[in-house]
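Subject: Structure handover

Hello,

Please find the structure below, with notes on what was found in it.

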Amino acid sequence: MTFNNKFLIFLLALLSAGAASVSSFAQKSPLKVLIVDGQNNHEQWPKITAMMKYYLEDSKKFAVDIQRTRYTWQGDKLAQEYPVKNGPQTEALKQPKMDSAFHPKFSNYDVVICNFGWNAAPWTADAQKDFEKFMKNGGGLVVIHAANNSFPQWPAYNQMIGLGGWGDRTEKDGPYVYYDQSGKEVRDMQPGKAGSHGAQMEFKITVREPNHPITKGMPANWLHSRDELYDRLRGPAEHMQILATAFSPKTNNGTDRNEPMLIVLRYGKGRIFHMALGHADYSVECVGFVTCLQRGSQWAATGKVDIPIPADFPTETETKQRKFAQ
C-alpha cells in the first residue's frame, strides 16, 4: 500500500471519528424545561422568568413551561403583566405563604430552573421528596441569583445549591468558599453570616475552569452588566466545582476576595448549574448571562453542551446586551 493510500485511509477514519463525535453530541431537541417561581424578594422575578423563557426558546434548544405558586409575594404588578399561560389563579399576599397545591410533575422535564428567592415559603414535604427523587435519578437543576437564598431549612436543597446566603445561614451550614489572590480555593469555617453584596455595578467574570463544557470557549475574563455581586456565600459545598468568580472590592462594601459566580454540582445522578448572577432585567439582558443560562441549562439536562459562544459575547472591557423582546 502506498503512502498516499495509507494517508487517505487515515484521513477518512479521522473524518469518520469526527462525524461520530459530533453526532454523539447532537441534542435531541427540544429539551423540556420547567421554571418554578412565585415568591421572591427581588420584585422583578415575574419578568425575569419571562425573559429566561424567551432566551432559552430563542436558542431553539428548549421548550419551556412555567409553574407558579398560587400565593405570590412581591412583584404584584409584574405578575399581572407576565402571567403564566394556563396557570392557576394567583393571589398576591403581604407575606409568603405555603401553597399546598404546588407540586409540579418534575419527571416530565429534563431540567428545572428555580427562580424563587429570599423568604419564599417552603414547599410541601411531598413536593420536596419528589424533587429530591427527580434529582437523584438524574434530573437537572439551574439555580438563579436569589434562589440561593431560598429554603434554608431544606437540607437536600442546600446540598443541591452548594452555597447559599441569608436565611439565617452561618458557619453551621458549611464553609465560606472563595478564591484567594493566588488563585487558590479557600474553605473558611470561621464564624459569620452568609450572604452580602455592595451596590450594583458592572464587574469582571474570571473563568477558573476553561475546559468545562459550560465555559469552554469563553474569554478568560469578561465584563458582566450591572448586577449584585454576591459574596460570603456558605453551604455544604459538596461535589462542587467553581467555574468562574468575580472580585468583590472592599471599596464597594465587599470582601476583597474572588467570589463564586458560576458553579456546577452533583446530587445523586443529577446535575446542577448554579449562577449567582441575574438581579434585574438589565442584568439578565447581558449576553454573558444569556449564554451561561443556555449552556448551563443544556449541561444540567444532558451533561453536554453544543450551544456556541456567540459573536456578541462580552469582552474583558465591554459589556454586551441582548434586548428582551416581549
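The notes below go through the annotated region, the core, some strands and helices, and then a few single residues.

This is a predicted model, so please read every value as computed from predicted coordinates.

Annotated region

The UniProt record, an unreviewed entry, carries the annotation "domain: ThuA-like" for residues 32–300. Across residues 32–300 the chain is 30% strand and 21% helix. The C-alpha atoms at the two ends of that range are 12 Å apart.

Core and helix H7

The largest nonpolar core holds 84 residues. Ile 113, Trp 123, Phe 131, Trp 222, Met 275, Leu 277 and Phe 289 have the most contacts inside it. H7 gives the most to this core, contributing 7 residues. As a general point, nonpolar side chains in soluble globular proteins tend to be buried together.

Helix H7 covers residues 287–302. Of its 16 residues, 15 are buried, so H7 is largely enclosed by the rest of the structure. Its length is regular: at 1.5 Å a residue, 16 residues should span 22 Å, and the end C-alpha atoms are 22 Å apart, which agrees. H7 is followed by Gly 303, which has a positive phi near 85 degrees.

Met 275, one of the core residues with the most contacts, touches Phe 289, Cys 292 and Leu 293. Setting aside residues up to four places away in sequence, Met 275 also touches Val 143, Ile 144, His 145, Met 261 and Leu 262.

Strands

Strand E5 runs over residues 140–144, and 5 of its 5 residues are buried. Both faces of E5 are covered. Gly 140, Val 142 and Ile 144 are on one side, with Leu 141 and Val 143 on the other. That split follows a general pattern: in a regular strand the side chains alternate between the two faces of the sheet. E5 pairs with strand E4 (residues 111–114) in the parallel sense over 4 bridges. Within this pairing, Val 112 stands opposite Leu 141.

Strand E9 (residues 221–227) is also mostly covered, with 6 of its 7 residues buried. E9 is joined to strand E8 (residues 201–207) by 5 bridges, and the two run antiparallel. Trp 222 in E9 is the bridge partner of Ile 205. Trp 222 is also listed among the core residues with the most contacts.

Helix H2

H2 has 14 residues and reaches 20 Å from its first C-alpha to its last, close to the 20 Å expected at 1.5 Å a residue. H2 is mostly covered, with 10 of its 14 residues buried. The buried residues include Trp 45, Ile 48, Met 51, Met 52 and Leu 56; Lys 47 is also in that list. Just after H2, Lys 60 takes a positive phi of about 70 degrees.

The two histidines

His 42 is found in the loop between strand E1 (31–39) and helix H2 (45–58). His 145 lies in the loop between strand E5 and helix H5 (155–161). The side chains of His 42 and His 145 make a polar contact at 3.4 Å. Beyond its neighbours up to four places away in sequence, His 42 touches His 145, Ala 146, Glu 228, Tyr 230 and His 279. His 42 counts as buried because its relative accessibility is 10%, and His 145 is buried at a relative accessible area of 2%.

Backbone at His 145 and Trp 166

Most residues other than glycine have a negative phi. His 145 is not a glycine, but has a positive phi of about 45 degrees. Trp 166 also has a positive phi, of about 60 degrees. Trp 166 lies in the loop between H5 and strand E6 (176–179). With a relative accessible area of 24%, Trp 166 is partly exposed.

Asp 188

Asp 188 lies in strand E7 (residues 185–188) and counts as buried, with 13% relative accessibility. Leaving aside neighbours within four places in sequence, Asp 188 is in contact with Pro 175, Tyr 176, Tyr 178 and Arg 234. Tyr 178 is 10 residues away from Asp 188 in sequence, and their C-alpha atoms are 8.3 Å apart. The side chain of Asp 188 also reaches the backbone nitrogen of Gln 190 at 2.8 Å.

Regards

Key. Residues are numbered from 1 along each chain as its sequence is written. This is a predicted model: local features need pLDDT of at least 70, side-chain atom pairs count only at pLDDT 80 or more; totals for chains, interfaces and linings use all residues. Side-chain values use heavy atoms; hydrogens and water are left out. Buried means under 20% relative accessible area, exposed over 50%, partly exposed in between (1.4 Å probe, protein chains only). The expected span of a helix is 1.5 Å times one less than its number of residues. Contact means heavy atoms within 4.5 Å. A polar contact is a pair of N or O atoms within 3.5 Å; within protein, one must be able to donate a hydrogen and the other to accept it, and residues adjacent in sequence count only if both atoms are side-chain atoms. UniProt positions are given in the numbering used here, feature names are shortened, and annotations may be inferred rather than shown by experiment. A nonpolar core is a set of buried Ala, Val, Leu, Ile, Met, Phe, Trp, Tyr and Cys residues joined through side-chain atoms within 4.5 Å. Two strands pair if DSSP finds at least two bridges between them.
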